[in-house]
Amino acid sequence: MAVNSNVFWSSAKPDPKRQFRFIVEFPQIGVQGAIPQFVVKTATKPKITISSTPHVFMDHQFNFPGRVTWDPVTITMVDPGGKSDIALMLMNKLGASGYKNPTTGKAAVISLSKDNSVNKGLGAVSISQLNAEGQLVEKWTLKNAFITNMDFGGLDYSSDELSEISIELTYDWATL
């Protein structure tokens, strides 16, 4: 019996994953100074790159899979200011990760550590897709995620757009 490939699109039952149905969760939600879910505007999902190692024999090249690398994830947020000031929260997370302004000799020798960046920074960030009923259909959890780039946006007298902040997260691996 032939499979009718048009059944999916002609039926009202399927509910494909939609890009706008998502939430980003930071483990410190509910804790004072935590980044709230409602500020997230966009998020990229994890991306894997697999290197290739060639082997040349005579006039032929054969390729073998190499290492798996997890590419950074980018999250863009609006900054509502006030009690939910995202710029201030991110700078506080950077401070909790170990960064100190070099205002004294003691502060100048303090630096970031992976332990502080992961456990006192953002922790195990997750990106979840939901269905039309708000139920979980896909969840990525970034393992040992830490901030590797913060972009506090720009200012423009001719724009009435909301201020945005983008962060790039590097992580060891992700689970689905």
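**Reading contacts in a predicted model**

Mentor: Let's start with one pair: K41 and E164 form a salt bridge, and their closest N and O atoms are 2.3 Å apart. Keep in mind that this is a predicted model.

Trainee: What is the general idea behind such a pair?

Mentor: Side chains of opposite charge can pair when their charged atoms come close. In this case the pair links distant parts of the chain, with K41 in strand β2 (residues 40-43) and E164 in strand β9 (residues 164-170), 123 residues apart.

Trainee: Are K41 and E164 buried, exposed or partly exposed?

Mentor: K41 counts as partly exposed because its relative accessibility is 43%, and the cut-offs put "partly exposed" between 20% and 50%. E164 is partly exposed too, with a relative accessible area of 29%.

Trainee: How many salt bridges does the structure hold?

Mentor: Five. One of them joins the side chains of K17 and E138, at 2.3 Å from N to O. That pair also links distant parts of the chain: K17 is in the loop between α1 (7-10) and β1 (22-25), while E138 is in strand β7, 121 residues apart.

Trainee: Which other residue meets E138 in a salt bridge?

Mentor: K45, at 2.8 Å from N to O. K45 lies in the loop between β2 and β3, 93 residues from E138 in strand β7. Put together, K17, K45 and E138 are linked in a network of salt bridges.

Trainee: How do I read accessibility across that network?

Mentor: Take the residues one by one. E138 counts as buried because its relative accessibility is 10%, under the 20% cut-off. K17 is partly exposed at 47%, and K45 is partly exposed at 37%.

Trainee: Now for rings. How many aromatic pairs are there?

Mentor: The count comes to two. In one of them, W70 and W140 are edge-to-face, with 6.4 Å centre to centre and 70° between the planes. The label fits because planes over 60 degrees apart count as edge-to-face.

Trainee: Where do W70 and W140 lie?

Mentor: W70 is in strand β4 and W140 in strand β7 (residues 136-143), so the pair ties together parts that are 70 residues apart in sequence. Both W70 and W140 are buried. Ring pairs also bring in Y171, giving a cluster of W70, W140 and Y171.

Trainee: What about a residue without a ring or a charge to follow? Say, S51: what is it in contact with, leaving aside its neighbours within four places in sequence?

Mentor: S51 is in contact with F64, P65, G66 and R67. S51 itself lies in strand β3 (residues 47-57). For a sense of distance, S51 and F64 are 13 residues apart in sequence, and their C-alpha atoms are 8.6 Å apart in space.

Trainee: How far is the backbone nitrogen of R67 from a polar atom of the S51 side chain?

Mentor: 2.9 Å. As for accessibility, S51 is partly exposed, with a relative accessible area of 34%.

Trainee: And which residues form a nonpolar patch on the surface?

Mentor: F57, M58, F62 and F64, with about 490 Å² of accessible area together. You have already met F64 as a contact of S51. Another member, F62, is found in strand β4 (residues 60-71).

Trainee: Why does F62 count as partly exposed?

Mentor: Because its relative accessibility is 41%, which sits between the 20% and 50% cut-offs.

Note on methods. Residues numbered from 1 in each chain as written. Predicted model: local features only at pLDDT ≥ 70, side-chain atom pairs only at ≥ 80, totals over all residues. Heavy atoms only, no water. Patch = residues over 30% accessible without salt bridge, like charges linked within 9 Å, V, L, I, M, F, W, Y side chains within 5 Å. Areas by Shrake-Rupley, 256 points an atom, 1.4 Å probe, with all protein chains shown as cover. Salt bridge = Lys/Arg side-chain N within 4 Å of Asp/Glu carboxyl O. Helix = DSSP H or I, 4+ residues; strand = E, 2+ residues; numbered from the N terminus. Buried < 20%, exposed > 50% of the residue type's maximum accessible area, 1.4 Å probe, protein only. Contact = heavy atoms within 4.5 Å. Polar contact = N/O pair within 3.5 Å; in protein donor to acceptor, adjacent residues only side chain to side chain. Phe/Tyr/Trp six-rings, centres within 6.5 Å; stacked < 30°, edge-to-face > 60°.
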